[in-house]
Structures are given as C-alpha cells and as structure tokens.
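Let's take a walk through a protein model together. Have a look at the picture first, and then we'll go through it piece by piece.

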Amino acid sequence: MSSEPLVQIRDLNFSYDSRAILSGINMVIPRGKIVAIMGLSGCGKTTTLRLVGGQLKPSSGAVRVAGQVVHELDNEGLYAMRRRMGMLFQFGALFTDMSVYDNVAFQMREHTDLPAEMIHDLVLMKLHAVGLRGAHDLMPAELSGGMARRVALARAIALDPLLIMYDEPFAGLDPISLSIVGELIRKLNDALGISSIVVTHDVQESLKIVDYVYFMAGGKIVAEGTAEDIRRSTEPFVHQFVWGEIDGPMNFHYPAAAYGKEMMEQPGKPRRWWA
Amino acid sequence: MTPADLLRQLGHRVTSRLWRLGFASRFLLMTLLYSGTALKRFQLTIREIYFTGVLSLIIILVSGLFVGMVLGLQGYDTLQRYGSSEALGILVALSLVRELGPVVAALLFASRAGSAITAEIGLMKATEQLSAMEMMAVNPIARVVAPRFWAGVISMPLLAALFSAMGVLGGWLVGVQLIGVDEGSFWSQMQAAVDFRQDIMNGVIKSCVFGVLVSWIAVFEGFDADPTAEGVSRATTRTVVTSSLAILAADFVLTAFMFRGI
Amino acid sequence: MNRAAIDLWVGLFVAIGLAALLFLALKVGNLSSTDVGETYAIQARFDNIGGLKVRAPVKSAGVVVGRVGEIRFDSENYVALVSMQIDKRYQFPRDTFATINTSGLLGEQYIGFEVGGDIEMLKAGEVMKKTQSAMVLEKLISQFMFDKAAEGEDKK
C-alpha cells in the first residue's frame with residue numbers, strides 16, 4: 001500500500017464550456033516527494049490542483065488520491081479526504097476577520113473536539129515551525145506578504161495532512177522571503193513525511209527544492225523529469241522557459257493578423273461605447 | 001438589428017433573469033439546509049448579530065426619532081385644519097407601526113447591513129477565502145453564509161420595533177411637548193385605534209419577511225459576486241437596489257393581504 | 001472586540017428590541033385593555049349595515065362590550081347577517097335592540113345595544129330579534145329634500 005504513489009492522475013481531460021483546458025494529463029506524485037508543475041500562466045496548472053482537491057469534476061479520466069477516485073466520492077467522502085489535504089493559496093487566503101492564532105486553530109476547532117489547551121499547544125507548535133510563534137496575536141492585515149504565506153502554510157499543516165498543494169507559493173515575494181518559503185516547503189515535506197505538489201512559474205527557486213518536474217503548456221504535459229533533467233533539457237520550449245529567453249517557441253506576441261495588413265485597416269468600432 | 005434579434009435579446013434577458021432567480025432559490029434552500037451549524041454553534045450567529053444588528057442601532061434609532069418628529073409636525077398641520085388634532089397619536093402610531101417602521105427600517109437595514117454582508121462575502125470570495133475554507137473541508141455556506149443570514153433574520157424585527165417605538169416617542173415629543181396636543185387624548189386615542197393583532201403583529205410579520213428578503217439577497221449577491229474589485233462593488237450596489245425594490249413590492253403584497261377587510 | 005463584549009452588546013440589543021416591542025404592545029396598542037378575556041357569539045340581521053366593518057366595536061351605554069366578528073349576506077332573506085363577539089362578563093336581555101350608529105357625523109360605524117326588559121338573557125349563538133339598520137346619509141338627505149318640497153307645495 002505504501003509503495004503505491006499518493007496521487008495518480010490518469011488521462012485527465014477537463015473542458016470548460018466546451019473549451020478544452022486540460023487534455024490527456026498523466027501524473028504521478030510519489031509519497032514523500034515534492035513534485036512541481038510548471039508552465040506559463042493560464043496553461044492549466046491551477047485547474048489541475050483544483051481537480052486534485054475535488055473542487056472541479058473532470059470531463060474524463062480520473063484523479064486517484066490514496067487509492068480513492070476523487071470525483072466519485074460523495075460530499076462526505078470528499079470532505080473526509082480534504083481533511084487529509086492542505087492547500088496553500090496564491091496569496092495565502094487567510095481569513096481576514098480572524099487573528100493569526102485563530103486562522104491556524106480554525107480546522108482544529110471545526111474538525112476535532114480537542115480541548116482548548118491542546119489546541120493552544122498545537123497552534124503554537126505549528127506557528128513555531130514556520131518561525132512566527134511571536135506573531136500569533138496579529139491580524140492578517142498586519143502581516144507582510146511573506147509572513148502571510150508562512151501563516152497560511154502553518155494553517156495548511158494544522159491537521160498533519162498527507163498531501164500539501166501549493167498554488168504559486170513564490171508569487172510576489174521578495175528574494176529573502178522567497179528562499180525562506182522555499183526552504184520551509186522542503187523541510188516540512190521531509191520532517192512531516194508528506195507529499196507536496198508545487199504549482200509555480202518560478203523556475204530557479206523551485207528547481208532547488210523539488211524532486212520531479214512536470215512541464216505544462218496549452219493544457220498538455222510537454223516535458224517531465226528531475227530538476228537536473230530539466231536544467232539540461234534541450235527541448236526548445238523548456239530551454240526557453242528555464243533560461244527566460246525571449247526568442248523561442250513561445251512568442252512574445254499574442255496571435256494577431258499580419259502587422260502590415262492590420263495597420264492598413266480602417267479603425268474598428270470601439271469594443272465598449274465609452275472607449 | 002432585425003426584429004428577430006430584438007426578440008432574441010428580450011428572450012435572453014428573461015431567461016437569464018429566471019435562471020438567476022432559480023439559482024438564488026436553490027441557494028436559499030442550501031442555506032436553510034446547512035443552518036445546523038449556525039444554530040448549534042450559536043456563538044457564530046451572535047457575532048454576526050453584533051455586526052448586522054448592534055452596529056445598525058444608531059442609524060435606526062436616530063432615523064426613527066426624526067421620522068416620528070416629522071410625522072408629528074406634518075400630521076398636526078393637516079389634522080388641526082379639521083379640528084381633530086387629538087387624533088395625532090393615531091396618525092403617528094398607525095403610520096409607523098403598519099408601514100414606516102417595517103419598511104423604512106428594512107430600507108436602512110439593506111443599505112447599512114445588507115451591503116456590508118455582500119461586500120464581506122464577495123471579498124472573501126475574491127481573496128479565495130471561501131475556496132480555502134472548502135479545501136479545509138468546511139462548507140462555506142454553513143460557516144459563512146448561514147450565520148449572516150440568520151443574524152439578519154433575527155435583527156430585522158427588533159430593529160423595526162425599535163424604529164417604530166422611537167418614532168412614536170418622536171411624535172409625542174413634537175406633538176405633546178412642543179405643540180401642546182393634550183397628552184391624555186394623544187395616548188388614549190392611539191391605544192383605542194391601534195390594535196395589537198391587526199396593526200402591531202402584522203407590522204412584526206412584515207419586518208420578519210423583509211428580514212428574510214434582505215438577508216437572502218445580501219448573502220446571495222455576495223456569494224455570486226464576480227471575484228474582482230469591480231464585481232464586488234457591482235454586487236454591493238445590486239444588493240441595495242434589489243432589496244429596496246423587493247421590500248417595496250413585498251410590502252404592497254403583504255399590505256393587500258393583511259388589511260383587506262378593514 | 002472580544003467575545004464577552006460582543007455577547008454583552010448583542011444581549012443589550014435583543015433586550016431593548018424586545019422592550020420596544022413590549023412598549024408598542026402595551027403603550028401604543030390596546031393589548032392591555034380590551035379584547036382579552038372570553039367571549040360568546042350572538043347574531044343579528046340588518047336590512048342595511050351601511051359602512052359597518054369587521055372588528056367594529058359593539059357598545060352599550062357608550063361602553064365597548066364586544067366586537068363585530070363576521071359579516072355575511074343571508075341569501076335566503078336578502079339581509080345582512082352580523083355575528084358579534086360579546087364579552088362573557090356582560091349579559092343582555094332577549095329583547096335588546098341592536099342599532100347601527102355612527103360616532104360623530106362622519107366617524108366610524110358601530111353597533112349600539114339598547115337594553116330591553118326581558119327576564120331571559122341572550123344565549124350564545126342566538127339571533128337578536130329587534131334591529132335597526134344604518135342610517136344612509138343619502139336617503140336622509142333625499143327624504144329631507146322631499147319633505148321640504150312637499151311643504152313648499154302645501155303653502156301654495
């Protein structure tokens with residue numbers, strides 16, 4: 001049982017209003033590993049996470065988490081499964097009407113009957129793990145971006161999940177917070193024996209910490225491999241992405257009609273009357 | 001644009017409105033279905049009563065007082081032409097208890113508390129807090145929506161009663177203390193004419209209905225808001241506009257039912 | 001804002017809200033005075049009830065003794081059948097005379113009881129024998145004009 005990977009994604013297709021977002025995704029997230037999903041904005045990375053979390057239903061194919069097919073679970077089963085998952089949202093998504101302490105305590109109060117003293121100890125432990133025990137009285141509005149991300153991380157590990165999903169954990173952080181968060185992801189993964197999925201487009205930082213990488217473009221997986229494989233990859237798209245080159249298969253220009261032809265055309269009607 | 005296009009546009013508008021109404025009804029049903037948490041862990045609802053009810057107190061009390069005082073002045077001016085200024089008590093009390101109390105209090109409540117509820121839930125959606133809650137296996141309808149809904153439903157009749165009571169006091173202040181209408185006949189005529197069941201209870205029923213309407217619209221618009229700054233601001237406006245219209249329309253229907261035989 | 005303070009404020013809010021409701025019920029409305037207590041029903045037929053409404057007062061010697069409960073049209077006799085809820089404390093002789101009066105010239109209409117001399121009292125559900133219909137202003141005026149006109153002709 002334990003040799004079986006925690007998350008298996010098979011032939012996953014997803015379309016929204018008959019617009020295909022994901023097609024034929026196959027992924028494996030082994031236990032105890034950190035797997036990154038990389039790609040440009042809008043390539044379907046976050047959608048993949050939402051499918052794993054059961055917030056969306058696939059058009060075909062399946063996501064298996066710990067042996068259970070996510071989209072076949074009923075509401076209760078889904079909620080039971082989500083208790084064993086943690087998710088870190090792009091900007092933390094802390095509850096703004098609660099203090100840092102209450103944010104971390106939230107799930108313990110909702111899902112367990114632990115006495116208040118034990119919750120107190122657990123919350124301080126989790127906050128200590130992310131280095132913010134001293135900030136437990138602050139409100140989310142008083143935190144910096146990096147601190148908010150770390151509190152959200154403490155909240156995500158509140159119930160000792162099997163799997164943590166990170167949605168753009170590095171977006172909008174200064175270089176120091178970036179390394180702190182990166183290192184925390186690695187350390188928590190190893191110390192708690194959990195598995196992690198990191199959705200990101202921050203190549204350099206994530207390649208330092210992850211075990212395996214899937215590259216996505218246009219709703220498909222275009223490359224995969226270990227961090228070393230990716231760095232050395234000669235695939236033009238991966239090369240362009242990793243080294244941040246402007247020229248390559250991904251165009252700087254949004255698809256458009258021929259430049260000269262469009263310049264000669266009459267100005268069109270404004271899209272909106274006030275424009 | 002051809003006539004067919006116009007018709008198609010009209011049809012599209014009607015069907016999309018209907019679709020939205022159906023969606024809102026389903027949402028209300030879900031809210032009622034998941035109200036267990038809000039009622040069992042009543043502390044959650046009490047907190048929201050503080051934000052919707054207690055924080056609306058000032059505006060309700062002050063407006064009630066002024067509305068009552070204006071009624072006193074205007075009513076006296078009209079009544080004394082017919083030599084029946086003692087009936088001022090009846091006029092003030094009946095207009096407040098039957099109509100102005102429930103309706104004006106509900107309108108104020110929609111713009112003070114309803115818009116706040118919509119903005120709060122909309123922003124929670126925009127900042128992915130609702131999504132985060134769902135991923136933590138906590139139903140946002142049970143944890144966020146239902147307590148706010150019930151807080152509104154509980155607060156509204158109390159606020160309307162306070163509005164009416166303050167209004168009667170305002171009318172008394174102007175009529176009796178300022179103008180000098182006889183105090184005895186002010187109160188006794190009022191008591192003779194205002195019936196507990198017909199007038200006061202019907203007013204309370206009205207305000208309960210308005211409480212459900214405003215809270216429902218507020219939580220629905222917040223939950224349904226586009227998760228952007230523009231979307232939340234639009235949803236907030238829609239809450240105030242829709243609930244005001246709903247209050248006035250429902251008031252007409254309820255009045256037609258309640259005071260038919262009199 | 002901590003939990004105890006919120007609880008206190010909400011408690012205060014609910015208390016003054018209920019107090020306002022009580023104020024409306026007792027001081028503004030008439031919950032404290034009439035219509036509590038038990039009642040019994042008696043009925044009366046009138047040729048014309050004028051503007052009499054449901055819940056209009058029933059008075060005897062100017063004191064409210066009951067209220068109009070229901071007004072129906074009796075399709076057998078083509079008259080109005082009015083049933084009244086009378087306070088249990090008051091009993092009236094069987095030959096009591098029910099009239100429809102108007103308080104003031106244009107005021108609301110009510111039923112007045114003029115007590116007769118019968119030894120037996122009206123029982124619940126009984127129908128009163130002697131009634132007098134509402135005075136319809138138009139009829140009165142036209143009668144007055146007619147009389148005047150007749151007087152004028154006599155003098156000629």
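How many helices and strands are there in chain C? Chain C has 2 helices and 8 strands, where helices (H or I, at least four residues) and strands (E, at least two) are DSSP runs numbered from the N terminus. If you follow the sequence, they come in the pattern α-β-β-β-β-β-β-β-β-α. Before going on, a word on the model: it is predicted, so local features need pLDDT of at least 70 and side-chain atom pairs count only at pLDDT 80 or more, while totals for chains, interfaces and linings use all residues. Residues are numbered from 1 along each chain as its sequence is written, with chains lettered from A and ligands numbered from 1 in the order in which they are written.

Now for the overall form of chain C. Its C-alpha trace spans about 95 × 45 × 30 Å along the principal axes. Of the 156 residues in chain C, 22% are buried, meaning that 20 or more other C-beta atoms, placed from the backbone, lie within 10 Å of the residue's own.

Over in chain A, look at helix α5 (residues 145-156) and helix α6 (residues 175-192). Their axes, which are lines fitted to C-alpha atoms over the stretch in contact, are 9 Å apart and at an angle of about 10°, measured on a scale from 0 to 180 degrees between N-to-C directions. That makes α5(A) roughly parallel to α6(A), a label for angles under 35 degrees. On the α5(A) side, the residues that meet α6(A) include A:Gly145, A:Arg149 and A:Leu153; among their partners in α6(A) are A:Ile180 and A:Leu184. Contact here is a matter of C-beta atoms, placed from the backbone, lying within 7 Å.

Notes. Parallel < 35°, antiparallel > 145°, perpendicular 65-115°, else oblique. Contact = placed C-beta atoms within 7 Å. Buried ≥ 20, exposed ≤ 12 C-beta atoms within 10 Å, placed from the backbone.
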